[in-house]
Amino acid sequence: MFFLDGVDIDSIAIQSVSEEERRLKANDRDYNLPFKYATNAIQTSKYNVLTFLPLNLFEQFQRIANAYFIFLLMLQVIPSISSLSWFTTVVPLVLVLFVTAAKDAIDDINRHRSDKKVNNRKVQVLINGELRSEKWMDVQVGDIIKLENNQFVTADLLLLSSSEPLNLVYIETAELDGLRPILR
């Protein structure tokens, strides 16, 4: 269990200096809000309904084999160059594009489902002195959260305290692999 014990929460301020100065206060959403930090929602999917067809076709024609078939198709349209019909190139190309697009669509739908499941997991957040159940995607920079044993974590955290002897903690990072924050 992680929790801040015996410390005046309102007096904690964390400051990091890089290219530009960033400031935040622990457990002070109103103070941290104007800085417009990234949200905690994750998105591993590539496409949405509007972008699937153009982006998927763009990605598929980045492959040399598909670009070769398009080039071959352009040559077959010129009757004096080709002895074969354009149909002999279009059918295999469309079939390959369709099967690949179907596979990509299924993979992306599964990613959308996984993202929704992870973003909607619940966590205990200390807000105005009381623990409230929040979705992981609603956790904000500076929030103090309480974690239980074997609970999934979908945010970067600073460990303040542990109930284990010597404040030892075991963290498995496999859940974080492949996830990226949504920047808005």
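A salt bridge is counted here when a side-chain nitrogen of Lys or Arg lies within 4 Å of a carboxyl oxygen of Asp or Glu. The structure shown above is a predicted model, and under that rule it holds seven salt bridges. One of them joins the side chains of D104 and K103, with 3.7 Å from N to O, and this pair is a convenient place to begin.

K103 takes part in a further salt bridge with D107, where the closest N and O atoms are 3.3 Å apart. Because D107 and K103 stand four residues apart in helix α4, about one helical turn separates them. Taken together, K103, D104 and D107 are linked in a network of salt bridges. The members of this network can also be described by their exposure: D104, with a relative accessible area of 12%, is buried, while K103 counts as partly exposed at 48% relative accessibility, and D107 likewise counts as partly exposed, at 29%.

Another salt bridge is formed by E59 and K46, whose closest N and O atoms are 3.5 Å apart. This pair links distant parts of the chain, since E59 belongs to helix α2 (residues 52–60) and K46 to the loop between α1 (29–32) and α2, with their positions 13 residues apart. E59 is partly exposed, having a relative accessible area of 30%, and K46 is partly exposed as well, with a value of 45%.

From the charged side chains we can turn to the aromatic ones. A pair of aromatic rings is described by how far apart the centres lie and by the angle between the planes. When the whole structure is searched, four aromatic pairs are found. Among them is the pair of Y31 and F35, whose ring centres are 5.6 Å apart and whose planes meet at 55 degrees, so the pair is tilted. Y31 is partly exposed, with a relative accessible area of 27%, and F35 also counts as partly exposed, at 36% relative accessibility. Another pair, Y47 and F52, has ring centres 5.1 Å apart and planes at 80 degrees, so this pair is edge-to-face; here both Y47 and F52 are buried.

The tilted pair belongs to a wider arrangement, because Y31, F35 and Y37 form one aromatic cluster under a rule that pairs rings with centres within 6.5 Å. Y31 has a charged neighbour too, as K25 lies over the face of its ring, 4.6 Å from the ring centre. A comparable placement involves R121, which lies over the face of F152 at 4.2 Å from the centre of that ring.

The last feature to follow is on the surface, where V77, W86, F87 and V91 make a nonpolar patch of about 420 Å². One of these residues, F87, lies in helix α4, which covers residues 87–119. The reader is thereby brought back to the helix that holds D107 and K103, and with them to the salt-bridge network in which K103 and D107 are linked with D104.

Key: Residues are numbered from 1 along each chain as its sequence is written. This is a predicted model: local features need pLDDT of at least 70, side-chain atom pairs count only at pLDDT 80 or more; totals for chains, interfaces and linings use all residues. Side-chain values use heavy atoms; hydrogens and water are left out. Rings of Phe, Tyr and Trp (its six-membered ring) pair if their centres lie within 6.5 Å; planes under 30 degrees apart count as stacked, over 60 as edge-to-face and the rest as tilted. Buried means under 20% relative accessible area, exposed over 50%, partly exposed in between (1.4 Å probe, protein chains only). A charge sits over a ring if NZ of Lys or CZ of Arg is within 6 Å of the ring centre and within 35 degrees of the ring normal. Patches are made of residues with over 30% relative accessible area and no salt bridge: like charges are joined within 9 Å, nonpolar side chains (Val, Leu, Ile, Met, Phe, Trp, Tyr) within 5 Å. Accessible areas come from the Shrake-Rupley method with a 1.4 Å probe; for residues, only the protein chains shown count as cover. Helices (H or I, at least four residues) and strands (E, at least two) are DSSP runs, numbered from the N terminus.
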